[in-house]
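I opened this structure to take notes for a newcomer. My entries follow in the order I looked things up.

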Amino acid sequence: MYTHWKTATTISAVIHELTGMKYSVCLHANEIYAEKWIANWRFINAEEIIVNNTYNKHYFNLITNYKYKNRIRVIRNIPPKIDKNFTHRGAVRSPLNLLSLGRLIHFKDHPTLLNACKIMSDNGLDFKLVIGGEGDSHQVIQSLSKDLKIESNIKMIGSYNEDDLWDLFQNADLFIHASGIGPGGTRDGLPNVIIEAMMACVPVISTYISSIPEAIENEKDGLLIPEKNPEALYEAIIRLISDNHLYETISRNSSIKAQKIFNKTDTIKKLKNMINKS
């Protein structure tokens with residue numbers, strides 16, 4: 001059995017106790033970061049413990065006192081299928097098109113993004129921000145946009161499918177992911193949407209949270225800023241608007257980096273080896 005966190009992991013551990021069937025588990029992001037106590041019986045008999053980025057491996061080792069260090073390893077997500085051809089970009093357009101995609105949830109920190117947009121508006125910049133996704137923060141985003149008097153610059157599109165995704169990237173100049181650490185330690189691991197943006201040659205601005213720096217080397221594959229810092233986000237946006245060479249370099253490098261890290265053939269090979277070994 002190869003199961004994922006929480007209920008599935010519990011079920012596989014119970015089935016192992018009843019039948020002796022071998023099993024491995026896969027750990028995600030908030031299921032690790034928000035845990036206050038690890039039920040060791042879920043993992044003590046697991047053949048392998050899989051994570052999809054190095055920060056998850058590091059964090060799980062810390063909260064389990066390295067008890068499973070010889071059984072935990074990284075197998076990355078399979079990258080998405082792209083049905084369009086993307087080439088690197090040379091400069092932003094006018095008006096500037098910003099894009100933010102993903103769950104509308106507190107640790108994605110949309111208020112930081114909106115406050116950076118307020119600074120842009122106050123400085124007379126012509127821009128549009130498209131926000132895609134669904135979640136509990138929807139009303140907060142709408143209300144804050146109105147309070148900041150930038151609602152005319154913001155377009156919320158709700159849920160989107162895979163066909164929409166690549167069109168959204170094609171129409172974007174910058175992808176913003178203002179990820180932060182939320183209450184109880186909740187946070188991103190390495191958001192798939194960042195990798196997807198990089199594959200589409202869209203320069204990404206994000207934060208130093210979790211394994212995001214594993215995908216983005218600051219000033220080479222994207223720009224990284226401190227979390228919860230609208231001024232730093234604004235300055236990063238201005239920098240990419242003003243520096244065509246940096247913008248083009250990041251656009252080119254990001255696609256190369258994403259394809260190197262997220263290699264479908266390598267991932268499938270590792271999964272097959274894990275299953276065959278069991």
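**Entry: a proline in a loop**

I began with Pro95, which sits in the loop between β4 and β5 (96-101). The model is predicted. I checked the peptide bond from Ser94 to Pro95 and found it cis, with omega near 0 degrees. I noted the background: most peptide bonds are trans, and most residues other than glycine have a negative phi.

**Entry: positive phi values**

I then looked for backbone angles with a positive phi. Ser210 has a phi near 50 degrees, and it is not a glycine. I placed Ser210 in the loop between β9 (204-207) and α8 (212-215). Is Ser210 buried or exposed? Its relative accessible area is 12%, so Ser210 counts as buried, the limit being under 20%.

I went on to Glu219. Its phi is positive too, at about 75 degrees, although Glu219 is not a glycine. Glu219 lies in the loop between α8 and β10 (223-225). Its relative accessible area is 40%, which means that Glu219 is partly exposed.

**Entry: the four-stranded sheet**

In what order do the four strands of the open sheet run? I read the order as β1-β2-β3-β4, with parallel pairing. The edges are β1 (2-4) and β4 (72-74), and each of these pairs on one side only. On average, neighbouring strands of this sheet are turned by 30 degrees against each other, with direction ignored. I added a reminder: strands of a sheet pair through backbone hydrogen bonds.

I looked at one pair in detail. β3 covers residues 49-51 and pairs with β4 over three bridges, in the parallel sense. Ile49 faces Ile72 of β4 across this pairing.

**Entry: helices on the sheet**

Next I asked what packs on these strands. Helix α3, residues 54-63, packs on the sheet and touches β2 (24-27), β3 and β4. The direction of α3 makes about 165 degrees with that of β4. I found helix α11 (residues 264-277) lying across β1, β2, β3 and β4. Helix α11 runs at about 155 degrees to β4.

**Entry: the largest pocket**

I turned to open spaces. The largest pocket has a volume of about 530 Å³. Which residues lie nearest its centre? I listed His28, Asn52, Asn77, Leu190 and Asn192, from a lining of 28 residues. Several elements supply at least two lining residues each: β1, α2 (30-33), α7 (192-199) and α11. I met α11 above, lying across the strands of the sheet. By class, I noted 11 nonpolar, 11 polar and six charged residues in the lining of this pocket.

**Entry: closed spaces**

How many cavities of 30 Å³ or more does the structure hold? I counted two.

The largest cavity holds about 60 Å³ of space. Its lining includes Ser100, Leu101, Gly102, Arg103 and Leu104. Also among the lining residues are Ile131, Gly132, Ile176, His177 and Ala178. The elements giving two or more residues to this lining are β5 and β6 (127-132). I split the lining by class: five nonpolar, five polar and two charged residues.

The second largest cavity has about 30 Å³ of space. Asn52, Asn53, Asn77, Leu190, Asn192 and Phe262 line this cavity. I had already noted Asn52, Asn77, Leu190 and Asn192 among the residues nearest the centre of the largest pocket. The class count for the second largest cavity is two nonpolar, four polar and no charged residues.

**Entry: β5 and β6**

I went back to the two strands that line the largest cavity. β5 and β6 pair in the parallel sense, over six bridges. Leu101 stands opposite Gly132 in β6, and both residues belong to the lining of the largest cavity. Is β6 mostly covered or mostly open? I found it mostly covered, with five of its six residues buried.

**Entry: a serine in a helix**

My last stop was Ser145, in helix α5 (residues 138-147). The relative accessible area of Ser145 is 3%, so I wrote it down as buried. What does Ser145 touch, not counting residues up to four places away in sequence? I found Leu114, Ile150, Glu151 and Ile154.

Note on methods
Residues are numbered from 1 along each chain as its sequence is written. This is a predicted model: local features need pLDDT of at least 70, side-chain atom pairs count only at pLDDT 80 or more; totals for chains, interfaces and linings use all residues. Side-chain values use heavy atoms; hydrogens and water are left out. Two strands pair if DSSP finds at least two bridges between them. Axes are lines fitted to C-alpha atoms, for helices over the stretch in contact, and angles run from 0 to 180 degrees between N-to-C directions. Contact means heavy atoms within 4.5 Å. On a 1 Å grid over the protein atoms alone, a cavity is a set of points where a 1.4 Å probe fits but cannot get out, and a pocket is an open set with protein on both sides within 12 Å along at least five of seven lines; lining residues have an atom within 4 Å of a point. Grid points are joined across faces, edges and corners, and a volume is the space filled by probe spheres set on the points. Ala, Val, Leu, Ile, Met, Phe, Trp, Tyr, Cys and Pro count as nonpolar, Asp, Glu, Lys and Arg as charged, and the others, Gly among them, as polar. Buried means under 20% relative accessible area, exposed over 50%, partly exposed in between (1.4 Å probe, protein chains only).
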